[in-house]
Amino acid sequence: MFSFAVKYDKLIMSPKGGLESELKMRFIGNLTDGMRVSDVYLCKAKTVALTKNGKEYANVVLQDKTGQIEAKIWNLNDPAIHDFEAMDYVQVDATVTVFNGGNQMNVHRIRVATDDEYVIDDYFPISQRDREEMITELRTLTNSVKDEYMRALLKSFFENEKFMKMFMDHSAAKSVHHGFIGGLAEHTLSVAEMCEKASEHYPYLNRDLLLTGALLHDVGKVRELSLFPTNDYTDEGQLLGHITIGAQMVSEVINKIGGFPRVQRNQILHLILSHHGEYEFGSPKKPAIMEAFVLSFIDNMDAKLETMKELLESKAPINEDGWMGFQKLLDTNVRKTV
């Protein structure tokens, strides 16, 4: 049974026959040239500029869970254009046009939306993975670490409810890869599970050390990035970066665990400090032990593959041969696999 929206009472029939909150009729990811929209979006940014003739207009960035779109308000004095600010949910009447190869909205009417006109879940990208399932997997991996000191270190993070709330709500990036709610947990699990497979394939690797480094390598992102709706770099994140912040966080916890071996401490911190692999990619150190090399390779692979996956799932144009053109984030001309 297909879902269908009931526009007037904001109900929808689910595939299982139940009633749910109304789904948005015009998601940004589904907009096409010439389409007229009348819906609620999150105003991510708003700036006022001048035309060549000296007339003020507004540049607005609108967002929902499928992406963002630039919008123009050409007549700010129109009575249909009401006051609103960045991070407001706004009711927008607009026409979709194409400019420089991308969709854009020309706004005819706009006002701040009332609370009953939108469902917050429609406005932020979220992991497709089940939240509780990811929490269980993180804790299962933690408990699988045999070394008592490393296991205690991991439990200090992944059995701490306050930390887990932040960790599970965070993205792994402002953009680029895993830039969605739950993205940090999804990326961390992916890296940790691949590291576990690597330790099975290369039995001379220290499995406990590698897994501990994998689970902790990005913990600094809970302080580098703010939560949604902003999902932007914090002041601390701008000044220090998640690698330095993460090393500090882990070091502080280690200092509270009595008798933690110094060699293990230094090796875990080294994995965190070197996990971007190269100085030019932000690593304070380059990998110096086998486990650090493996972590940096797998972290890079997971980020690159997610970046490409998100690119291929986007509305970016693909020519008849499957090529998408040069992609700056990947530093190469990208082609869809046939």
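## Terms and basis

Two strands are said to pair if DSSP finds at least two bridges between them, and helices (H or I, at least four residues) and strands (E, at least two) are DSSP runs, numbered from the N terminus. This is a predicted model, in which local features need pLDDT of at least 70 and side-chain atom pairs count only at pLDDT 80 or more, while totals for chains, interfaces and linings use all residues. Residues are numbered from 1 along each chain as its sequence is written, and side-chain values use heavy atoms, with hydrogens and water left out.

## Strands 4, 7 and 8

Strand 7 and strand 8 (residues 102–112) pair in the antiparallel sense over 10 bridges, and one of the partnerships joins Asp-93 to Arg-109 in strand 8. These two strands form a hairpin with two residues between them, and Asn-100 in the turn has a positive phi of about 50 degrees.

Strand 7 (residues 89–99) also pairs with strand 4 (residues 36–50), again in the antiparallel sense, over seven bridges, and here Val-40 has Gln-91 of strand 7 as its bridge partner.

## Helices 1 and 5

Helix 1 (residues 131–144) packs against helix 5 (residues 207–216) at an angle of about 150 degrees, with the axes 10 Å apart; axes are lines fitted to C-alpha atoms, for helices over the stretch in contact, and angles run from 0 to 180 degrees between N-to-C directions. That makes helix 1 roughly antiparallel to helix 5, a term for angles over 145 degrees.

The contact (heavy atoms within 4.5 Å) is made by Leu-138, Leu-141, Thr-142 and Ser-144 of helix 1 together with Arg-207, Asp-208, Leu-211 and Leu-215 of helix 5.

Conventions
Angles under 35 degrees count as roughly parallel, over 145 as roughly antiparallel, 65 to 115 as roughly perpendicular and the rest as oblique.
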